Amino acid sequence: MDLPTPPDPFQALLMGGRLPALLVGIVLLGWGERLYRVLVVAPGVLAGVYLAAWLRGLFHLDTTGAIIATLVLAGAGALACHFVEGVAVRSAGAGLFAALAWLGTPLVHAGPVPWWAPVVAAVLGGVVFPMLYRVALRPLTALVGAWSVAWAVQRPDQVWLIGGLALAGTALQFALARTGGGDASEPKKKPKKKK
């Protein structure tokens, strides 16, 4: 009786989706926040590139015109996606804070919920939530990356493994942000001149 040949481990990893999950998990652990920013603007860039290719054929643009159209439309698509993401985050924060105010007010105030409580909470959520979201982005992407790695190595139920990887990934992302000059929105300090 012939024994079946064992499967190639690389092919089993690739076909089962474990190798891509492992690679994505590793990238998310270390560079999740930066990758997230790329993923936000990528659809706009791709839409701009496809639109420019369509316009090139429609208007018979030469090479220079096609390059300019591609750059302009890709940039416009990236800006549009960045704007939409900002509006979505602010809207989600406003909705979340308004819902929390609506559900939480009866716990501290007897009687009906005042009309202004959800309104004030929505305004506060629109202002505060984007800051919370930016801080939470690193741990959340590290957690997704940790779970992806754990699933790839067939240990998705090992809480200590997922938690340890998530903590290490969060620390790594904060360290990389610190060594990379911090957030791009922070102004850089100028060196003092010596007299």
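Here are some questions and answers about this predicted model.

Q: What pattern of helices and strands does the chain follow along the sequence?
A: Let's start with the overall layout of this predicted model. The chain has five helices and zero strands. Read from start to end, the pattern is therefore made of helices alone under the DSSP assignment, and it is written α-α-α-α-α.

Q: What share of the chain's contacts with a separation of 6 or more is between residues 24 or more positions apart?
A: A helical chain can be described by how far apart in sequence its contacting residues lie. One pair to look at is A122 and A92, which are 30 residues apart in sequence and 9.4 Å apart in space, C-alpha to C-alpha. A122, in helix α4, is in contact with A94 and A98 when its neighbours within four places are left aside. For the whole chain, the share from residues 24 or more positions apart is 71%.

Q: Which residue is linked with both R37 and R138 in a network of salt bridges?
A: Side chains of opposite charge can pair when their charged atoms come close. The structure holds two salt bridges. In one, R37 has its closest N and O atoms 3.0 Å from its partner, and in the other R138 has a distance of 2.7 Å. The partner in both cases is E33.

Q: How many residues apart in sequence are the parts that R138 and E33 tie together?
A: It helps to set this pair beside the other one. R37 and E33 are four residues apart in helix α2 (residues 18-59), so about one helical turn separates them. R138, by contrast, lies in helix α4 while E33 lies in helix α2, so their salt bridge ties together parts whose separation in sequence is 105 residues.

Q: Is E33 buried or exposed?
A: The cut-off for buried is under 20% relative accessible area. Its partner R37 is partly exposed at 38%, while R138 has 13% and counts as buried. E33 has a relative accessibility of 6%, so E33 is buried.

Q: Which element gives the most residues to the largest nonpolar core?
A: This core has eight residues: L29, A142, A146, V149, A150, L161, I162 and A166. The elements that give two or more residues are α4 and α5 (159-179). With four residues, the top contributor is α4. A second, separate core of five residues includes F97, A101, A121 and F129, but the element asked about for the largest core is α4.

Q: Which residue's backbone oxygen lies 2.8 Å from a polar atom of the T170 side chain?
A: T170 sits in helix α5 and counts as buried, because its relative accessibility is 14%. Beyond four places in sequence, T170 touches R138, P139 and A142. The backbone oxygen at 2.8 Å belongs to A166.

Q: About how much accessible area do the residues of the nonpolar surface patch have together?
A: The patch is formed by W115, W116, V119, V120, V123, V127 and M131. One of these, W115, is found in the loop between α3 (63-108) and α4 (116-152), and W115 counts as exposed because its relative accessibility is 67%. Together, the patch residues have an accessible area of about 770 Å².

Q: What percentage of the chain's accessible surface belongs to carbon and sulfur atoms?
A: Of the 195 residues in the chain, 27% count as buried. The accessible surface comes to about 14000 Å². The part that belongs to carbon and sulfur atoms is 74%.

How values were computed: Residues are numbered from 1 along each chain as its sequence is written. This is a predicted model: local features need pLDDT of at least 70, side-chain atom pairs count only at pLDDT 80 or more; totals for chains, interfaces and linings use all residues. Side-chain values use heavy atoms; hydrogens and water are left out. Patches are made of residues with over 30% relative accessible area and no salt bridge: like charges are joined within 9 Å, nonpolar side chains (Val, Leu, Ile, Met, Phe, Trp, Tyr) within 5 Å. Accessible areas come from the Shrake-Rupley method with a 1.4 Å probe; for residues, only the protein chains shown count as cover. A salt bridge is a side-chain nitrogen of Lys or Arg within 4 Å of a carboxyl oxygen of Asp or Glu. Buried means under 20% relative accessible area, exposed over 50%, partly exposed in between (1.4 Å probe, protein chains only). A nonpolar core is a set of buried Ala, Val, Leu, Ile, Met, Phe, Trp, Tyr and Cys residues joined through side-chain atoms within 4.5 Å. Contact means heavy atoms within 4.5 Å. A polar contact is a pair of N or O atoms within 3.5 Å; within protein, one must be able to donate a hydrogen and the other to accept it, and residues adjacent in sequence count only if both atoms are side-chain atoms.
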